[in-house]
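Here's a quick tour of one chain, from a charged spot on its surface to a couple of odd backbone angles. Have a look at the model first.

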Amino acid sequence: MSKDFYNILGVAENASKDEIKKSFRSLAKKYHPDRNPGDKKAEEKFKDISEAYEVLNDEKKRQQYDMMRKYGGTFAGAGGPGGPGGGAGGFDFSHFGNGGFRAEDLGGFGSFADIFSSIFGGGDIFSGQAGAGRGARRRTASTRGSDLALTLSVGFEESISGTKKTISLNKPETCQVCSGTGAEPGSGQQTCPQCGGRGTISTAQGAFSVSRPCPRCLGRGVLPGRACRVCNGSGQVKQKKKINIKIPAGIENGGKIRLRGMGNPGRNGGQNGDLLITVNVNKNQQFDRKGNDIFTKVEITYPQAVLGCKVPVKTLTKSINLSIPPGTTHGTKLRLKGMGLAVNGSQGDQYVEVNIVVPKNVNEKQKKILEELQKEL
């Protein structure tokens with residue numbers, strides 16, 4: 001294998017995803033062609049670190065790459081290392097093709113534009129130089145925008161009855177000035193000098209043949225004659241947007257709400273992603289919830305437990321006087337049928353746990369006697 005992706009990114013073989021991403025971001029900014037115009041070495045370095053990141057950032061591709069590094073750099077079919085029909089150590093690489101392993105065998109790399117958008121925040125990656133040249137280019141497929149995720153806290157009562165919330169979200173939107181093209185209106189376009197208008201770049205290195213979206217034009221094949229003055233060529237701008245969210249009645253802690261089309265905008269006419277909301281229900285001092293059932297507690301004294309009594313109990317909708325039967329023991333749970341939640345046609349119950357406590361207005365001798373009696377109960 002002619003190139004060491006770990007060495008190219010300057011990370012250890014056991015580096016975490018965050019370490020790999022941090023190193024790539026730093027190197028990509030340093031060697032990007034727009035920052036090094038006419039520097040062929042910087043351009044080659046940029047290609048190398050882009051290839052390395054594409055593989056090492058994907059768990060499956062990274063595992064396969066690590067396996068190839070372990071078993072050698074040439075993975076031919078019958079004539080490959082390690083004997084007929086297999087790679088080194090008897091591992092069969094013949095299914096990768098007669099020409100040796102190709103990076104395409106790892107599966108699609110996905111949108112390289114998405115990688116740059118997520119890492120650099122959609123910044124200006126265009127040279128900004130005008131040019132009238134136009135070339136034939138590959139029309140790239142539309143790319144769906146990525147999903148956004150957030151956590152929203154609501155009160156216990158709000159989760160029971162349902163409510164509406166309004167949030168402000170600062171998120172990317174398609175630039176209205178250039179309609180997402182990244183070009184200043186009327187400035188024209190120029191053929192991308194890095195990919196020659198194809199929108200993809202293919203490189204061969206040892207046993208690898210890699211075809212990927214062009215990192216400079218993000219797979220478009222063209223650059224704007226002049227970058228849009230509003231979005232700096234990214235095609236997107238961040239805007240603060242108010243979003244109304246309907247919290248359904250009976251939602252549980254950790255429940256999910258999906259707002260379709262409210263995520264990040266797509267590219268090349270692709271659909272917007274979704275907004276995924278995780279609902280965090282605040283704890284309540286009186287009630288606990290398990291499914292559609294509600295749980296609460298009441299305290300009574302030993303004489304009340306022996307003789308029986310009535311105590312006020314709060315339910316989700318009202319207060320009632322609950323009858324405690326004579327001889328009730330500590331920790332007994334009394335069921336209030338149908339007093340829980342009704343969700344999706346399923347009716348829950350309320351359970352009241354009875355705790356026997358020692359009255360505060362007793363002397364120490366009486367307290368010890370009552371505590372012993374409580375243990376017996």
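## A positive patch

Start with Arg 25, which sits in helix 2 (residues 17-31); helices here are DSSP runs of H or I with at least four residues, strands are E runs of at least two, and both are numbered from the N terminus. Arg 25 counts as partly exposed because its relative accessibility is 38%; the label covers the range between buried (under 20%) and exposed (over 50%), using a 1.4 Å probe and protein chains only.

Arg 25 also joins Lys 21, Lys 29 and Arg 35 in a patch of positive charge on the surface. To be in such a patch, residues need over 30% relative accessible area and no salt bridge, with like charges joined within 9 Å. A salt bridge would put a Lys or Arg side-chain nitrogen within 4 Å of an Asp or Glu carboxyl oxygen.

## Where the numbers come from

This is a predicted model, where local features need pLDDT of at least 70 and side-chain atom pairs 80 or more, while totals for chains, interfaces and linings use all residues. Residues are numbered from 1 along each chain as its sequence is written, and side-chain values use heavy atoms, leaving out hydrogens and water.

## The whole chain

Eight helices and 17 strands make up the secondary structure. Of the 377 residues, 43% are buried.

## Two unusual asparagines

Asn 232, in the loop between strand 6 (222-224) and strand 7 (236-247), has a positive phi of about 60° without being a glycine. Asn 344, between strand 15 (342-343) and strand 16 (346-347), has one of about 55°. Most non-glycine residues have a negative phi.

Notes. Patch = residues over 30% accessible without salt bridge, like charges linked within 9 Å, V, L, I, M, F, W, Y side chains within 5 Å. Areas by Shrake-Rupley, 256 points an atom, 1.4 Å probe, with all protein chains shown as cover. Lys, Arg positive; Asp, Glu negative; His and termini not counted. Charge placed at Lys NZ, Arg CZ, Asp CG, Glu CD.
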